[in-house]
Amino acid sequence: MALHEPTVFITRHIPEEALRIIRSAADVRVWPEELPPSPEELRRECEGVDGLYCMLTDRIDGALLDATPRLKVISTMSVGYDHIDVSACRERGILLGHTPGVLDETTADLAFALILASGRRIAEADRFVRAGKWETWSPMFMTGQEVHGATLGIVGIGRIGQAVARRARGFGMRLLYHSRSPKPESEGLGAEYRSMDDLLRESDFVSLHVPLTEETRGLIGARELAVMKPTAHLINTARGPVVDQRALSDALARGQIAGAGIDVFEMEPVSIEEPLLALENVTVLPHIGSATVATRTKMARMAADNLVAGLQGKPMPHPI
Ligand code: NAP
Ligand code: GLV
């Protein structure tokens, strides 16, 4: 593509082996701070570069692209790309890459950890012991919901949703799913299709695995929470804005549903003032779905391979 040595900006420190891949093909600048660049800093750093290696914390919009006309390749170290204005990139002929597939099992592990944690009150019980409140064993003390044998409703049964379904089978769960199109492979996993409302009505655990799009923003709001069983749990490892967070905290506070396990928030990092954080029946995590050393290293390499291919005018291994 470029006749000069291409230049690349990387918005965070990444594993050395991924950095080596990029350095073999480009002149690289890495953002030196722990916190991400602000939009102004990102714009300044991207002026005059050919490639951008970004994270889900970096907003890539038309204003940024207008200010950085040399930018031709963007690679995000994430599978989700709701932080990128894809049409604005397409209009400008910018190539885009992401990291699908490599994090499915790891993210499904975390979703399942939240199913268990929420159903069996793990975080609440941990806080209880540490606070010195544990006085005795008693028959109905800290009782929660059964996970084995329960009904799991998977909303968005793509790569990660199917990996969750495979785990659920091992727990003897009954499986329901909802997607816009039928998924015969999910039926092979024993999952039955349901309309959204039927899934919400029948499930003991509802686990969200849709991308954030205009269609899925606010997919779970007050009306949907009211359809769920009072004993049910909502698990969100997809994206925060898929759930109306205020409606969720109201439903949990009123006991309209039994619990929630949340890895992603409307605004990240979530404010300490967020009402959800004051509730005992919520397990909260700081967006760590894919956070294992092995998986993050694979994602970093995959994003590096995408970037280098794009810069060299070759097809990206994992284009958006
Ligand atoms: P995927 O393979 O594309 O699966 C997404 C599924 O959602 C598809 O089966 C799609 O099927 C369905 N879907 C899309 N729009 C829908 C709608 N309006 N209603 C119902 N179903 C809909 O994606 P994935 O790799 O599994 O990842 C899913 C999302 O998980 C990512 O986009 C990302 O936001 C999130 N994620 C979070 C973490 C974390 O750290 N917490 C880690 C990885 C990924 P149809 O198109 O047929 O409807
Ligand atoms: C994480 O949330 C991802 O989209 O990779």
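**Reading ligands, pockets and burial**

Tutor: Let's start with one contact: an oxygen atom of ligand 2 sits 2.8 Å from a polar backbone atom of G80. Keep in mind that this is a predicted model.

Student: OK! Which residues surround ligand 2?

Tutor: Ligand 2 is surrounded by L56, S78, V79, G80, L103, R239, H287 and M299. Two of those names come back when we look at side chains. An N or O atom in the side chain of R239 is 2.7 Å from an oxygen atom of ligand 2. For H287, a side-chain N or O atom is also found 2.7 Å from an oxygen atom of ligand 2.

Student: And what about ligand 1? Which of the 27 residues around ligand 1 come nearest?

Tutor: Those are R180, S181, K183, E215 and D263. Take K183: a polar atom of its side chain lies 2.5 Å from an oxygen atom of ligand 1. The backbone can take part too, as at G289, where a polar backbone atom is 3.1 Å from an oxygen atom of ligand 1. And look who turns up again: R239 has a side-chain N or O atom 3.3 Å from an oxygen atom of ligand 1.

Student: Let's try pockets. How does anyone find empty space?

Tutor: Rolling a probe the size of a water molecule over the atoms shows where empty space is left. In this model, the second largest pocket has a volume of about 170 Å³. It is lined by 15 residues, and S118, R121, E124, A258 and N281 are the closest to its centre.

Student: Which elements give two or more residues to the lining of the second largest pocket?

Tutor: They are α5 (104-119) and β12 (282-284). Helix α5 gives the most, with three residues. Sorted by class, the lining of this pocket has nine polar, three charged and three nonpolar residues.

Student: S118 was close to the pocket centre. What does its side chain touch?

Tutor: One partner is H233: the two side chains make a polar contact at 2.7 Å. H233 itself is in strand β10, residues 233-236.

Student: Is H233 buried or exposed?

Tutor: Under 20% relative accessibility means buried. H233 has 3%, so it counts as buried. Away from its sequence neighbours, H233 touches ten residues, among them S118, G119, Q145, D204 and A258.

Student: Can we do the same for T76? Where is T76 found?

Tutor: In strand β4, residues 73-76. T76 is buried because its relative accessibility is 0%. Its side chain makes a polar contact of 2.9 Å with the side chain of S78, and S78 is one of the residues around ligand 2. Leaving aside neighbours within four places in sequence, T76 is in contact with residues including C54, M55, L56, H98 and A303. L56 also belongs to the surroundings of ligand 2.

Student: Could we try a residue in a loop? Where does S195 lie?

Tutor: S195 lies in the loop between β8 (191-193) and α9 (196-202). Its relative accessibility is 31%, which means it counts as partly exposed.

Student: How many residues apart along the chain are S195 and C54?

Tutor: They are 141 residues apart along the chain, and their C-alpha atoms are separated by 36 Å. C54, remember, is one of the contacts of buried T76.

Notes
Residues numbered from 1 in each chain as written. Chains lettered and ligands numbered in written order. Predicted model: local features only at pLDDT ≥ 70, side-chain atom pairs only at ≥ 80, totals over all residues. Heavy atoms only, no water. Helix = DSSP H or I, 4+ residues; strand = E, 2+ residues; numbered from the N terminus. Buried < 20%, exposed > 50% of the residue type's maximum accessible area, 1.4 Å probe, protein only. Polar contact = N/O pair within 3.5 Å; in protein donor to acceptor, adjacent residues only side chain to side chain. Contact = heavy atoms within 4.5 Å. 1 Å grid on protein atoms, 1.4 Å probe; cavity = no way out; pocket = protein on both sides within 12 Å on 5 of 7 lines; lining within 4 Å. Points joined across faces, edges and corners; volume = space filled by probe spheres on them. Nonpolar A, V, L, I, M, F, W, Y, C, P; charged D, E, K, R; others polar. Near = heavy atom within 4 Å.
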